[in-house]
Amino acid sequence: MWFLIIDSMLSEVIALSDPVVARKEDIPAMIKLSSQVFKTDMGGCFPLLFSPENVENMTVVREAGRPVTMVGMLPKEISVFGHRLKAGLIGAVCTHPDYRGRDYGAKALAMSEKMAIEKGISLFIISGKRGLYNRFGAVEPDGFYKLKVLPGKASRVKEASEEDLSKIAWLYMGRSVRYFRDLSQFRRVFATGRVMVRAAKTFISDKAYVTVIKFRGSNYIVEHAGCESDVIEAARGYLQLSGEKECVLVLDGLFLSQEREKTDFEGTMKVISIENFLDQLEGYYREVMTDGEFEAFREKASKMTPAEFTRLVLLESNIKGSPIPLPVYGFDYI
Ligand SMILES: CC(C)(COP(=O)(O)OP(=O)(O)OC[C@H]1O[C@@H](n2cnc3c(N)ncnc32)[C@H](O)[C@@H]1OP(=O)(O)O)[C@@H](O)C(=O)NCCC(=O)NCCS
């Protein structure tokens, strides 16, 4: 009797299909669900996302005891010229085909957002461009470029192995806008041999490295580090070694080649907490604005919704410091 009363009280508070924080026991089912939906081995591709240490950042909706919707989130810090921005990388978002269109995706995303704000995260970086994300307030950020590289003056490169990881990490640390990476975690990602769900190879010279994937018949350098001329020569070194005729370098806004062209980012982004964002990047804005300008900016921000503020800092070009420079995904793609 008591059991029945408590049970009915509980189900009024938490409807069975409300999103909840995932548990360690959900990991195999989440890998199975997302692997079925994305038709690839998601556990193999994303060892950090689907790890027991990260499971408390994942949201699921369960039906009959098993996850039918999931939103993957991996917290990651970004260096914006040394200022630390807390991001939540969102990926592996899926609903089992039998349960789609019930708002489970939107509800799970909203719960991830709430949880992330409590953890001090300010920006969601989402690997997808669906209506689900537009309705959530995410936008396709500006400030990303590509550059076609043809054969020419090249440096000697070799294919990098795990032994080269410290040098790769060291070169990557020289970038002024980048993800902070823990070497042992990076080792696990590198060992998958995949970046952005595709087979990846890294080629390293004395002064630079490039990481290449094939996508729709073209070769894309989805991560690189080193100074600009050394990166281009390493890219040509890769062309020489592989016999390929051309490749495309995917760039953030700080690679100032004249021949670069604008390109889309592989996903969408949303500032989920204006307060967290301005706390974390106040130093950045104070480097590009006077005190008076920063106070006016903060005042303006206080009257905005997160979706409006997102557009201001990721799309506007007539505000100092905007669009804010952010790194390409590279090995951090989720
Ligand atoms: C995207 C996805 C996670 C949405 O899950 P959901 O639980 O149905 O989410 P909601 O009900 O909150 O969202 C409605 C979305 O589902 C679509 N939808 C509604 N009913 C549907 C149905 N019966 N079957 C398929 N899709 C349906 C809506 O058109 C809307 O799509 P949009 O985001 O392109 O606008 C789910 O469709 C899915 O797993 N798709 C395949 C994987 C994928 O594309 N993931 C996103 C990474 S880019």
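Q: How far does a backbone N or O atom of glycine 101 lie from an oxygen atom of the ligand?
A: This is a predicted model. A polar contact needs N or O atoms within 3.5 Å. A backbone N or O atom of glycine 101 pairs with an oxygen atom of the ligand, and the distance is 2.7 Å.

Q: Which atom of the ligand lies 2.8 Å from a backbone N or O atom of valine 93?
A: Valine 93 is listed among the closest of the residues around the ligand. Its contact runs through a backbone N or O atom, at 2.8 Å. The partner on the ligand is a nitrogen atom.

Q: How far is an oxygen atom of the ligand from a polar backbone atom of glycine 131?
A: Here too the protein contributes a polar backbone atom, from glycine 131. The ligand contributes an oxygen atom, and the separation is 3.5 Å.

Q: What share of the ligand's accessible area does the protein cover?
A: On its own, the ligand has 890 Å² of accessible area. Around it stand 19 residues, with Thr95, Asp103 and Leu132 among the closest. The protein covers 68%.

Q: Why is the pair of phenylalanine 81 and tyrosine 284 stacked?
A: Two rings pair if their centres lie within 6.5 Å, and planes under 30 degrees apart count as stacked. The centres of phenylalanine 81 and tyrosine 284 are 6.3 Å apart. Their planes stand at 5 degrees, so the pair is stacked.

Q: How many residues apart are phenylalanine 81 and tyrosine 284?
A: Phenylalanine 81 sits in the loop between strand E3 (66-80) and strand E4 (83-95). Tyrosine 284 belongs to helix H9 (residues 274-288). The pair thus links distant parts of the chain, 203 residues apart.

Q: Is tyrosine 284 buried or exposed?
A: Buried means under 20% relative accessible area. Phenylalanine 81 has 38%, so it is partly exposed. Tyrosine 284 has 6%, so it counts as buried.

Q: Which residues do ring pairs link into a cluster with Phe81 and Tyr284?
A: The count for the model is 17 aromatic pairs. Some of them join Phe81 and Tyr284 to further rings. The other members are Phe277, Tyr285, Phe294, Phe297 and Phe309.

Q: At what angle do the planes of phenylalanine 124 and phenylalanine 136 stand?
A: Phenylalanine 124 is in strand E5 (residues 123-126), and phenylalanine 136 is in helix H5 (residues 131-136). Phenylalanine 124 is buried at 0% relative accessibility. Phenylalanine 136 is buried at 13%. The ring centres are 6.1 Å apart, and the pair is stacked because the planes stand at 25 degrees.

Q: Which residue lies over the face of phenylalanine 136?
A: A charge sits over a ring if NZ of Lys or CZ of Arg is within 6 Å of the ring centre and within 35 degrees of the ring normal. Over phenylalanine 136 the distance to the ring centre is 4.0 Å. The residue is lysine 270.

Q: Over which ring does the charged end of arginine 181 sit?
A: The distance from the ring centre is 3.8 Å. The ring belongs to tyrosine 172.

Q: Which side chain does serine 122 join in a polar contact?
A: Serine 122 is in the loop between helix H4 (104-118) and E5. Its relative accessible area is 0%, so serine 122 is buried. A polar contact of 2.8 Å joins its side chain to that of glutamine 280.

Q: What radius of gyration does the protein have?
A: The protein has 11 helices and 15 strands. Of its 334 residues, 51% count as buried. A compact globule with 334 residues would have a radius of gyration near 20 Å, which agrees with the protein's 21 Å.

Definitions and conventions: Residues are numbered from 1 along each chain as its sequence is written. This is a predicted model: local features need pLDDT of at least 70, side-chain atom pairs count only at pLDDT 80 or more; totals for chains, interfaces and linings use all residues. Side-chain values use heavy atoms; hydrogens and water are left out. Rings of Phe, Tyr and Trp (its six-membered ring) pair if their centres lie within 6.5 Å; planes under 30 degrees apart count as stacked, over 60 as edge-to-face and the rest as tilted. Helices (H or I, at least four residues) and strands (E, at least two) are DSSP runs, numbered from the N terminus. Buried means under 20% relative accessible area, exposed over 50%, partly exposed in between (1.4 Å probe, protein chains only). A residue is near a molecule or strand if one of its heavy atoms lies within 4 Å of it. A polar contact is a pair of N or O atoms within 3.5 Å; within protein, one must be able to donate a hydrogen and the other to accept it, and residues adjacent in sequence count only if both atoms are side-chain atoms. Accessible areas come from the Shrake-Rupley method with a 1.4 Å probe; for residues, only the protein chains shown count as cover. The radius of gyration is taken over C-alpha atoms; the globule rule is 2.2 Å times the number of residues to the power 0.38.
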